[in-house]
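Work through the exercises below with the sequence and coordinates at hand. Each task is followed by a stepwise solution.

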Amino acid sequence: MKIPDNLVFVLFGASGDLAFRKIIPAIYSLKIHLLLPEKFEIIGVSRSVMSDLDFREKLKKGITSFSGEQNITDELLISFTNHITYLTLDISSPSEYVKLRDKLAETDINSGTGGNYIFYLATPPSLYTIIAGSLSSIGLSDQSVGFRRFIFEKPFGYDLKSCKELNKKLHDLFAEEQIFRIDHYLGKETVQNLLVTRFSNGMFEPLWNRNYINYIEITSAESIGVESRGGYYDKAGALRDMVQNHLLQMVGLTAMEPPSSMNPDAIRNEILKVFQSFQPIVEDEVDKYVIRGQYTASRVRGECLTGYRYEKGVDPNSRTETFVAIKFYINNWRWGGVPFYIRTGKRLPTRVTEIVIHFKPTPHFLFHVNDIDRSANQLIIRIQPDEGILLKFGMKEPGAGFNVKNVSMDFHYSELANIRLPEAYERLLNDVMVGDSTLYSRDDTVETAWKFLEPIQNGWSNNPAIKVFGYPCGTWGPETANDLIEGKDLTWRYPCKNLADDGLYCEL
Ligand SMILES: NC(=O)c1ccc[n+]([C@@H]2O[C@H](COP(=O)([O-])OP(=O)(O)OC[C@H]3O[C@@H](n4cnc5c(N)ncnc54)[C@H](OP(=O)(O)O)[C@@H]3O)[C@@H](O)[C@H]2O)c1
């Protein structure tokens, strides 16, 4: 990572959860690792009334609780937060933005930050166009004095139509190079390592195609429920919250052709081509290719967990999915006929994100194998937690005969001594500060991802006969999700077993 030029970082939504848990702790880490410029100021902006001092005290608590840094001392916290100020502003009122312009001008004079500004929009998405329009109307998008960059949190749009409208409105105000659509999965070391695994090793890439790969599955499981975000989640659901961005980006990196260089557009062009090659799922066949589910109450390790419909902020008749599994194909030369399966859910047995490459079995079994060990080679790329790579293959069981046993070769990132894995937000914030958009989503990829999901969204809203399957908290989602997997005896990979103590699978 590089040291950026001097700048002011304006954080809209500064009193919010994301700022508290992720953004400010990540910037603190950049400071500890000497990756902030010499002159660097943060201005937090939100509606709550707070003094600079109150705001700093709040952020210190956030850093202490959520930063993965070992190095947190009172002295360092004070020297970091001394460069943070707070501005109370009603973001929905364009006339108030002059207060921000004046504060920025004052900060530049007092701190020598040189007119470079980054604006992070960690607010409800409904405010994005108001913020963008208000900043632009008072000259704060004009790059003649310094760079002006804008980071947009997910969700970027609600569906294809709203995404296109948002892109259009932003393009009327800013150049695409000024727009950074954040997808924090792309900031994860192991996600980036996919490119290195594939394109720096001679042994994987020759096998990375329909001739040797049977199917690919990508799972992103969470053990938590919606927690305090029920109101937001009930309007979003797993498809918008996880699939449109994180899961499809992982599909893009897994399936893309080698880029011509590591230039941001070279990589994003290849991801776009993958998205453009998705075989559309037609609205009438949504239930054949997509399973949605909702967690129901159950007891996990003795603890009673609430069903989704009883969570705070959730409509008691909600049909919003907390689990989704999709089967689809990529219609291109490399992947023709290879099924891709993706699934994500809340209240599953554990928190894990992994990509599993299932290789084709050998054409003829010479040796004795039991049913479990008969499964073919798998390459498992663990994105989180315990980042690493696991290769499963068959070995001879010691002793008489030729019995085959599946064994694992397991690499853990944590075994790389003295290497610290930066947090995703840390890497992404450094990137935007130095103007590198490689790991940010481009307008066309976001739109193409929404386009792929549009028939699913339409099918769910237009056809009430498409079921929402219940699944007890602590299980791997509706059992019917297994039916998606093509092939005798094939199932999803289950990194651990179901944890629900009781509770039957039920249909809502
Ligand atoms: N939290 C997460 O883990 C997470 C993860 C990924 C993406 N995101 C995205 O990040 C964004 C922020 O999420 P969050 O969880 O931090 O939300 P949040 O806790 O509800 O915070 C929202 C922030 O927006 C401010 N705000 C809302 N209306 C305002 C107005 N009219 N004027 C000024 N400030 C206003 C709030 O200020 P006041 O409270 O002072 O009114 C608060 O600081 C959302 O787009 C969300 O989808 C969040």
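**Exercise 1.** In what sense, parallel or antiparallel, do strand 1 and strand 2 pair, and over how many bridges?

Solution. The model is a predicted one.
- Step 1: strand 2 covers residues 40-46, and its pairing with strand 1 is parallel, over six bridges.
- Step 2: one bridge can be located by residue, since L7 has F40 in strand 2 as its partner.
- Step 3: put the pair into its sheet, which is open, has six strands in the order 3-2-1-4-5-6 and shows parallel pairing.
- Step 4: the edges are strand 3 (84-88) and strand 6 (179-181), each of which pairs on one side only.
- Step 5: ignoring direction, the average turn between neighbouring strands of this sheet is 20 degrees.

**Exercise 2.** Determine whether E311 is buried or exposed, and describe its surroundings.

Solution.
- Step 1: locate E311 in the loop that runs between strand 10 (303-305) and strand 11 (323-329).
- Step 2: count C-beta neighbours inside 10 Å; there are 22. The threshold for a buried residue is 20 or more, so E311, with 22, counts as buried.
- Step 3: list contacts, leaving out residues up to four places away in sequence; these are G225, V226, G230 and T306.
- Step 4: check R229, which is 82 residues from E311 in sequence, with a C-alpha to C-alpha distance of 9.3 Å.

**Exercise 3.** Identify the buried residues of helix 5 and what covers them.

Solution.
- Step 1: helix 5 spans residues 128-137, and its buried residues are Y128, I131, A132, S134 and L135.
- Step 2: the cover includes strand 1 (7-12), strand 4 (117-121) and strand 5 (148-152), together with helix 4 (97-111) and helix 6 (160-173).
- Step 3: just after helix 5, inspect G139, where phi is positive at about 85 degrees.

**Exercise 4.** Characterise the packing of helix 8 against helix 12.

Solution.
- Step 1: the axes of helix 8 (residues 230-255) and helix 12 (residues 443-462) lie 10 Å apart, at an angle of about 145 degrees.
- Step 2: the crossing of helix 8 and helix 12 is right-handed.
- Step 3: helix 8 contributes L239, V243, Q244 and L248, which meet A449, W450, L453, I456 and Q457 of helix 12.
- Step 4: sorted by class, this contact holds seven nonpolar and two polar residues, with no charged ones.

**Exercise 5.** Which residues come nearest to the ligand, and how is its shell composed?

Solution.
- Step 1: 19 residues surround the ligand, and G13, G16, L18, R47 and S48 come nearest.
- Step 2: the shell divides into seven nonpolar, seven polar and five charged residues.

Notes:
Residues numbered from 1 in each chain as written. Predicted model: local features only at pLDDT ≥ 70, side-chain atom pairs only at ≥ 80, totals over all residues. Helix = DSSP H or I, 4+ residues; strand = E, 2+ residues; numbered from the N terminus. Buried ≥ 20, exposed ≤ 12 C-beta atoms within 10 Å, placed from the backbone. Contact = placed C-beta atoms within 7 Å. Near = placed C-beta within 6 Å. Nonpolar A, V, L, I, M, F, W, Y, C, P; charged D, E, K, R; others polar. Axes fitted to C-alpha atoms, helices over the stretch in contact; angles between N-to-C directions. Left-handed = near helix turned anticlockwise from the far one by under 90°. Pairing = 2+ DSSP bridges.
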